[in-house]
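Open your viewer and get ready to select residues by number. This tour tells you what to click next and what you will find there.

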Amino acid sequence: MKTKVISRIGALLFDNIVLYALGLGALIQLGYPAERALILASIGFVLYSVLTPTFCKGYQLGKYLLGMKIVTDTYDQPSVWRFIVRELSKIMYTLPIIGIILILISQFLMTRREDGKTLHDLIAGTRVIRI
């Protein structure tokens with residue numbers, strides 16, 4: 001079942017603000033220089049984004065709280081490799097100028113496609129469903 005755009009954005013914001021920002025803040029409070037803390041928090045967040053849904057049957061904390069999970073196109077549990085591809089493909093959203101365009105295209109696809117897939121879902125062969 002297709003998820004709502006606002007739910008996916010809410011889950012993204014929750015994971016980014018609660019996990020990434022608080023983790024970064026905690027590292028800085030522990031005395032890590034800001035540059036090093038940023039690198040460590042980024043690595044930790046990528047590991048979270050790959051390992052959590054791998055070992056928690058497609059759930060990440062934000063998605064779980066908002067009643068969603070990540071599955072394959074055939075509604076199976078994605079492999080760790082599929083999650084790695086999914087997360088690495090999100091790097092395209094960070095490219096200067098074109099990243100913003102790709103985010104807009106991804107949001108457009110999510111609202112227009114019947115399955116609600118974004119660009120990174122299309123690349124990885126995944127989808128986010130309501131549970």
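Start with helix H1 (5–29). In H1, the buried residues are Ser-7, Arg-8, Ala-11, Asp-15, Leu-24 and Leu-27. Buried means under 20% relative accessible area, exposed means over 50%, and partly exposed lies in between (1.4 Å probe, protein chains only). Helices (H or I, at least four residues) and strands (E, at least two) are DSSP runs, numbered from the N terminus.

Before you go on, note that this is a predicted model, where local features need pLDDT of at least 70, side-chain atom pairs count only at pLDDT 80 or more, and totals for chains, interfaces and linings use all residues. Residues are numbered from 1 along each chain as its sequence is written, and side-chain values use heavy atoms, with hydrogens and water left out.

**Stop 1: the length of H1**

Stay on H1 and look at its two ends. How far apart are its end C-alpha atoms? They are 34 Å apart, which agrees with the 36 Å that its 25 residues should span at 1.5 Å a residue. The expected span of a helix is 1.5 Å times one less than its number of residues.

**Stop 2: the loop after H1**

Select Gly-31, just after H1. Gly-31 takes a positive phi of about 100°. Now select Leu-30, in the loop between H1 and H2. Leu-30 is exposed, with a relative accessible area of 66%. Add Gly-116, which is 86 residues from Leu-30 along the chain. The C-alpha atoms of Leu-30 and Gly-116 are separated by 41 Å.

**Stop 3: H1 against H2**

Two packed helices are described by the angle between their axes and the distance between the axes. Show H1 and H2 together. They pack at an angle of about 145°, with their axes 9 Å apart. Axes here are lines fitted to C-alpha atoms, for helices over the stretch in contact, and angles run from 0 to 180 degrees between N-to-C directions.

Is the crossing of H1 and H2 left-handed or right-handed? It is right-handed. A crossing is left-handed if the near helix is turned anticlockwise from the far one by less than a right angle, and right-handed if clockwise.

On the H1 side, select Asp-15, Asn-16, Leu-19, Tyr-20, Leu-24, Leu-27 and Ile-28. On the H2 side, the contact includes Ala-34, Ala-37, Leu-38, Phe-45 and Tyr-48. Contact means heavy atoms within 4.5 Å. By class, the contact of H1 with H2 has twelve nonpolar, two polar and one charged residues. Ala, Val, Leu, Ile, Met, Phe, Trp, Tyr, Cys and Pro count as nonpolar, Asp, Glu, Lys and Arg as charged, and the others, Gly among them, as polar.

Zoom in on Leu-38 in helix H2. Leu-38 is partly exposed, with a relative accessible area of 41%. Leaving aside neighbours within four places in sequence, Leu-38 is in contact with Tyr-20 and Leu-24. Measure to Leu-27, eleven residues away along the chain: the C-alpha atoms of Leu-38 and Leu-27 are separated by 8.5 Å.

**Stop 4: H2 against H4**

Keep H2 (residues 34–55) and add H4 (residues 80–89). Their axes come within 9 Å and cross at roughly 145°. H2 passes H4 in a right-handed crossing. From H2, the contact is made by Ser-49, Val-50, Pro-53 and Thr-54; from H4, by Val-80, Phe-83, Ile-84 and Glu-87. By class, that is five nonpolar, two polar and one charged residues.

Next, select Ser-89 in H4. At 10% relative accessibility, Ser-89 counts as buried. Beyond its neighbours within four places in sequence, Ser-89 is in contact with His-120 and Ile-123.

**Stop 5: two loop residues**

Go to Tyr-75, in the loop between strand E1 (68–72) and H4. Phi of Tyr-75 is near 65°, a positive value in a residue other than glycine. Tyr-75 is partly exposed, with a relative accessible area of 46%.

Jump to Ile-97, in the loop between H4 and H5. Ile-97 has a positive phi of about 65°, although it is not a glycine. Ile-97 is exposed, at 69% relative accessible area.

**Stop 6: the faces of H5**

Finish with H5 (residues 98–112). Which residues of H5 are buried? They are Gly-99, Leu-102, Ser-106, Leu-109 and Met-110. Look down the axis of H5: its buried residues fall within an arc of 100°, so they line one face of the helix. The arc is that of the directions from the helix axis to the C-beta atoms. On the other side of H5, Ile-100, Leu-104 and Arg-112 are exposed. Show H1 and helix H6 (119–124) as well; both are included in what covers the buried residues of H5.
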